[in-house]
Amino acid sequence: MGSGAAMGSGAAGSGAAMGSGPGHGAPLCPCPSPPPPPAPRCPRGSRRLSETGAGPRRSEGAAGRGGLRAAASLPHIARGRGEEGGGRRSPCLLVALRPRNVEAERERFFRASFAYDPQFEYAEPVPAAVLDKYGAASDRFVAQAIRIIRAVLEKYGTYESFEVATGGRLLSKCQIWSVIRKYMQKEGCVGEVVVQLTDDLLSQAVMMVEDSRPTLAINLAGARQHWLEGMLRHEIGTHYIRGVNNTRQPWHSSEGRKQYSLKPANPTEEGLASLHSVLFRKQPFLWRAALLYYTIERASHLSFSALFQDLEQYVQDAGVRWEYCVRAKRGQTDTSQPGCFSKDQVYLDGILRILRHRQTIDFPLLAALGKVSYEDVNRLKEFGVLEKARIPHFMQDLERYMKQLDHIVTTNGLNEEELEQLLPD
């Protein structure tokens, strides 16, 4: 696949680099629909950097592109041979873990009135090392996850009501492009990221490096009026900016990480990004992180159909429940057996750790030092290359930023004493 080729399918627009285009608020529509690109595949040289939450499908919105530069005009981002997570993978984890027969099994599952356990097939065997790494679930934060979920339901009645009340309306493609362009301008990274719109992701969004270019794929189903900028803070304001800063650090390679005895970037990376997703919401509930955590813990004990039934107490929409169950059971072939893919527990895990230590974390430095754990920040600052480091625009007013973190703690029924007991020093 050539540089910047689209990874989406169906209604997905072709990949494009965000250019400056017309002024703020300039209309992008009408704009013709591009021809449908091929089904998703992972080109040689691709690797996934992150993925955001779980998102249901939606039908195609109004198509559109406007004021975009061709992907070929983007500068290449060099990647060292030993960079963490580097190397060529075929297929990439994102695609390898999506069952190739997921649509057929979905239809069969619904036809059976949910009394069937899907038998998933994969284009290539999922690496045993990946299944081993993510084969065990944790129950450490299940009580907190359930409390967050129930707090949302107590306030809004149902998840569907919560989604409409806090997320706002679904956006058309033209509206999505406009929001993305304005956000790129805020972060000063116009023209640096290839953006693709798709309806074929298990997550709301995924940030990946494709042919040495940062590429953001956005699920149309998750692009809501009040949530889209939060997703951009997650993917661009956190993952991309920390990634750019990381390339300048002496620990940008796997050898460098070993030399400086760095802890893994996660759960800090995904926890920080997840906090940024809800940062400026009036009601910053951690619903998605909590439900993913809970779903995976239950999946480790239940079959697919039993898990689907268990989730009904929290989510009535069968399509949404299906997506959460597929995420929790991905990698499995026979889903009648207990088992899970535990990667998505990292969101709530990282969130709670960062909130526990938020008073002592230097957040701008955490962004500037690249892909490092909050636990390593203080000892690394004397070695870090901080000149010209990028800091997310929403961290510029640090007092406001810290107040928002406090608001997240309160809204989700957490408290300092509980966090200290859960995560003692």
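This is a short talk about a cavity, a nonpolar core and one helix.

Okay, so this is a predicted model: local features need pLDDT of at least 70, side-chain atom pairs count only at pLDDT 80 or more, and totals for chains, interfaces and linings use all residues. Residues are numbered from 1 along each chain as its sequence is written, and side-chain values use heavy atoms, with hydrogens and water left out.

Let's start with the empty space. How many cavities of 30 Å³ or more does the structure hold? Just one. By cavity I mean a set of points, on a 1 Å grid over the protein atoms alone, where a 1.4 Å probe fits but cannot get out. About 260 Å³ of space lies in there, counted as the space filled by probe spheres set on the points.

The lining (residues with an atom within 4 Å of a point) has 21 residues, and S277, V278, R281, R288 and A289 lie nearest the centre. Helix 10 (287-299) gives the largest share, four residues. Helices here are DSSP runs of H or I, at least four residues, numbered from the N terminus.

Now the packing. The largest nonpolar core has 106 residues, and I236, W287 and F363 have the most contacts inside it. A core like that is a set of buried Ala, Val, Leu, Ile, Met, Phe, Trp, Tyr and Cys residues joined through side-chain atoms within 4.5 Å, where buried means under 20% relative accessible area with a 1.4 Å probe, protein chains only.

Last stop, helix 6: residues 173-187. Among its buried residues are W177, Y183 and M184. Just after helix 6, G188 takes a positive phi of about 70 degrees.

Terms used: On a 1 Å grid over the protein atoms alone, a cavity is a set of points where a 1.4 Å probe fits but cannot get out, and a pocket is an open set with protein on both sides within 12 Å along at least five of seven lines; lining residues have an atom within 4 Å of a point. Helices (H or I, at least four residues) and strands (E, at least two) are DSSP runs, numbered from the N terminus. Buried means under 20% relative accessible area, exposed over 50%, partly exposed in between (1.4 Å probe, protein chains only). The expected span of a helix is 1.5 Å times one less than its number of residues.
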